[in-house]
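Trainee: I should like to request a close look at a single part of this protein. Could you take one helix, describe how its residues are placed, and then follow its surroundings outward?

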Amino acid sequence: MAVLGIPRNTIEILQKYDFHFQKKFGQNFLIDTHVLEKIVQAAEISREDFVLEIGPGIGTMTQYLCECGREVMAVEIDRNLIPILQETLSGYDNVHIVNEDILKLNIREAAEKYNGGKPIKVVANLPYYITTPIIMELLEGDTPLESITAMVQKEVADRMKAAPGTKDYGALSLAVQFYSQAELVANVPPNCFMPRPGVGSAVVRLTCRRDSKVGVRDAKWMFRLIRASFNQRRKTLQNGLHNESGLGLDKERIVEALEQLGLPATVRGEALSLEQFAALSDLLGPGGEDNDRKDRIHGSDQ
Ligand code: SAM
């Protein structure tokens with residue numbers, strides 16, 4: 001089978017199957033071999049590795065992954081692409097093509113089955129309409145992960161690296177920074193894709209942490225708190241948290257906790273660092289009534 005990462009071969013296979021791009025699936029296929037090589041290199045795939053590829057499209061990157069890795073699971077939502085993938089990947093016996101929505105797939109089960117429960121590597125040119133839910137699901141889920149190397153919208157890459165107090169800062173920034181070490185691999189212009197997206201793109205590598213950078217009693221609860229803090233960006237943190245009925249927090253308790261952390265009652269969520277969210281979560285979360293982390297947080301960097 002011909003290498004797909006060049007426009008001529010991509011067009012040929014698309015025409016053969018009379019394939020029509022579906023905007024709703026965020027289909028922008030890579031047609032630049034340099035970018036493909038860069039992604040696979042950044043992912044550091046070796047013969048030992050089981051790789052999960054999200055959205056293989058016509059199998060362009062999958063071919064590279066099959067060449068370097070031990071086993072590849074390629075999860076594609078669009079059933080029109082399955083016969084194409086069966087052809088383009090017919091030369092490989094180390095690939096599993098799965099026709100499924102990645103958000104519905106039990107990834108932990110797959111990691112267990114194909115990698116004995118050991119941390120897996122995820123590689124993807126992500127569909128931009130669901131980049132954030134996919135990344136959040138991977139980071140917050142219970143699948144052991146080694147790294148995520150992904151093409152994302154440039155703006156999303158900026159949000160991943162954003163610092164407190166900036167407009168890009170939010171739940172995604174905090175999740176990425178809490179669960180991983182993020183690195184920008186390359187900026188990628190629209191002409192590397194077919195069809196061309198209307199935005200710039202970037203390849204990022206998230207190396208997942210075994211031990212988190214910040215100690216917190218209940219990370220899942222902290223992220224419920226973080227989401228609530230950013231749901232209503234214009235509101236004060238106090239109101240945002242109080243309005244989130246699922247958290248069951250009354251205003252007095254929130255103000256008291258903010259005071260304990262030396263924060264004003266009018267502070268907004270976007271001003272808090274990861275360390276401060278962790279401290280707030282320990283104070284307000286389950287079992288937090290007796291906890292006082294004031295001293296520790298005052299000593300931490302912002
Ligand atoms: N990997 C291919 C490439 O680089 O040329 C295609 C990348 S394209 C940006 C995103 C791919 O993800 C498309 O093939 C699309 O059909 C697929 N996709 C979209 N939503 C998905 C989902 N929820 N689960 C799995 N695949 C999805």
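Mentor: The account below begins with one helix and then moves to its surroundings.

Some remarks on the basis come first. The model is a predicted one, in which local features need pLDDT of at least 70 and side-chain atom pairs count only at pLDDT 80 or more, while totals for chains, interfaces and linings use all residues. Residues are numbered from 1 along each chain as its sequence is written, and side-chain values use heavy atoms, with hydrogens and water left out.

The part chosen is helix H1, residues 7–16. Helices (H or I, at least four residues) and strands (E, at least two) are DSSP runs, numbered from the N terminus. Within H1, the residues Asn9, Thr10, Ile13 and Leu14 are buried. Here buried means under 20% relative accessible area, exposed over 50%, and partly exposed in between, with a 1.4 Å probe and protein chains only. Because these four cover an arc of only 130 degrees around the axis, they are placed on the same side of H1. The arc is that of the directions from the helix axis to the C-beta atoms. An α-helix has 3.6 residues a turn, so residues three or four places apart point the same way. On the other side of H1, Arg8, Glu12, Gln15 and Lys16 are exposed.

What do the buried residues of H1 pack against? Their partners are strand S1 (29–30), helix H4 (82–88) and strand S8 (193–194); contact means heavy atoms within 4.5 Å.

After H1 comes Asp18, which is found in the loop between H1 and S1. Its phi is near 50 degrees, a positive value in a residue other than glycine. Asp18 counts as exposed because its relative accessibility is 54%. A second residue with these backbone features is Glu44, with phi near 50 degrees, again positive and again not a glycine. Glu44 is in the loop between helix H2 (33–43) and S2, and its relative accessible area of 52% makes it exposed.

Strand S8, one of the partners of H1, leads on to another backbone feature. Pro195 has its place in the loop between S8 and S9, and the peptide bond from Met194 to Pro195 is cis, with omega near -15 degrees.

Strand S1, also a partner of H1, gives two or more residues to the lining of a cavity, as described next. The structure holds one cavity of 30 Å³ or more, and the largest cavity has a volume of about 340 Å³. Of its 28 lining residues, Gly55, Pro56, Gly57, Glu76 and Asn125 are the closest to its centre. Besides S1, the elements that give two or more residues to this lining are strand S2 (50–54), helix H3 (60–68) and strand S3 (71–76). By class, the lining has 16 nonpolar, eight polar and four charged residues.

The largest pocket holds about 210 Å³ of space. Its lining has 13 residues, of which Lys23, Gly26, Gln27, Asn28 and Pro197 lie nearest its centre. These lining residues divide into six nonpolar, five polar and two charged.

The terms for these spaces are as follows. On a 1 Å grid over the protein atoms alone, a cavity is a set of points where a 1.4 Å probe fits but cannot get out, and a pocket is an open set with protein on both sides within 12 Å along at least five of seven lines; lining residues have an atom within 4 Å of a point. Grid points are joined across faces, edges and corners, and a volume is the space filled by probe spheres set on the points. Ala, Val, Leu, Ile, Met, Phe, Trp, Tyr, Cys and Pro count as nonpolar, Asp, Glu, Lys and Arg as charged, and the others, Gly among them, as polar.

Finally, the wider setting of the helix may be given. The protein is divided into domain 1 (7–208) and domain 2 (219–297), with bounds that come from an automatic or database domain assignment. The C-alpha centres of domain 1 and domain 2 lie 34 Å apart. Between them, 14 residues of domain 1 are in contact with 15 residues of domain 2.
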